Amino acid sequence: MHGKEKEEANEVVRALFDQICLDYDDVYLQGLEARVFGLVTWKHLTQYLPQDKNSCILDAGGGTGRWTLPLAKMGYRVVLCDLSPGMLAQAERTLRQEGLSDRVEIRVEDITRLPFEDE
């Protein structure tokens with residue numbers, strides 16, 4: 001996909017996730033498949049976390065912060081990126097409620113064109 005076609009596809013995805021963002025955590029992440037996926041993914045993810053809690057972790061395509069929240073609770077700094085402003089707004093509310101806003105930078109980004117240097 002190139003140019004206009006890619007932008008149109010991004011807009012469809014953005015609109016879909018902006019539409020379901022309010023119910024995403026309560027509906028889409030509570031089914032058996034999503035919960036098993038979450039447990040298995042977290043188990044494998046944690047073995048690759050840096051020892052240094054001052055490390056910054058990129059959660060690209062992180063939506064409502066499913067992985068950002070526990071990482072921030074562990075003391076990591078996190079950059080949470082997603083195409084959907086609605087999903088990120090949900091993440092921001094949760095992070096604020098948990099008192100973790102200072103640990104997370106939230107950015108609307110297309111994960112196919114992230115503006116970060118390689119690390």
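A residue is called buried when its relative accessible area is under 20%, exposed when it is over 50%, and partly exposed in between. In the predicted model described here, W42 has a relative accessibility of 23% and therefore counts as partly exposed.

The structure contains three aromatic pairs. In one of them, W42 and W67 are stacked, with 5.9 Å from centre to centre and 10° between the planes. This pair connects distant parts of the chain, since its members are 25 residues apart. W42 belongs to helix α3 (residues 32-46), whereas W67 lies in the loop between β1 (56-60) and α4 (68-73). Elsewhere, a single aromatic cluster is formed by F17, Y24 and Y28.

Strand β2 (residues 77-82) pairs with strand β3 (residues 104-108) in the parallel sense, over five bridges. Strand β2 also pairs with β1, again in the parallel sense and over five bridges. Residue L80 takes part in both arrangements: L80 stands opposite I106 in β3, and D59 stands opposite L80 in β2. A further position in the pairing with β3 is given by D82, which stands opposite V108. Of the six residues of β2, five are buried, and the strand is thus mostly covered.

The connections between these strands involve helices. A right-handed β-α-β unit is made by β1, α4 and β2. Another right-handed β-α-β unit consists of β2, helix α5 (residues 85-97) and β3. Strand β2 is therefore part of both units, as the second strand of one and as the opening strand of the other.In soluble globular proteins, nonpolar side chains tend to be buried together. The largest nonpolar core of the model has 14 residues. Within this core, L71, Y76 and V104 have the most contacts. Two or more residues are contributed by each of α4, β2 and α5. When residues up to four places away in sequence are not counted, V104 touches T68, A72, V78, L80 and L95. A second, separate core has five residues, among them I20, C21, L29 and M87.

Two buried polar residues were examined individually: R14 and T64. R14 is located in helix α1 (residues 3-20). The relative accessible area of R14 is 18%, so this residue falls under the 20% limit and is classed as buried. Leaving aside neighbours within four places in sequence, R14 is in contact with L83, S84 and P85. R14 and L83 are 69 residues apart along the chain, yet their C-alpha atoms are separated by 5.9 Å. A polar atom of the R14 side chain lies 3.2 Å from the backbone oxygen of L83.

T64 is placed in the loop between β1 and α4. With a relative accessibility of 7%, T64 counts as buried. The side chain of T64 makes a polar contact of 2.5 Å with the side chain of D25. Not counting residues up to four places away in sequence, T64 touches C21, Y24, D25, M87, Q90 and A91. Among these contacts, C21 and M87 are also members of the second core, and Y24 is a member of the aromatic cluster with F17 and Y28.

Conventions. Residues numbered from 1 in each chain as written. Predicted model: local features only at pLDDT ≥ 70, side-chain atom pairs only at ≥ 80, totals over all residues. Heavy atoms only, no water. Phe/Tyr/Trp six-rings, centres within 6.5 Å; stacked < 30°, edge-to-face > 60°. Helix = DSSP H or I, 4+ residues; strand = E, 2+ residues; numbered from the N terminus. Buried < 20%, exposed > 50% of the residue type's maximum accessible area, 1.4 Å probe, protein only. Pairing = 2+ DSSP bridges. Right-handed = clockwise from strand over helix to strand, strands pointing away. Core = buried A, V, L, I, M, F, W, Y, C linked by side-chain atoms within 4.5 Å. Contact = heavy atoms within 4.5 Å. Polar contact = N/O pair within 3.5 Å; in protein donor to acceptor, adjacent residues only side chain to side chain.
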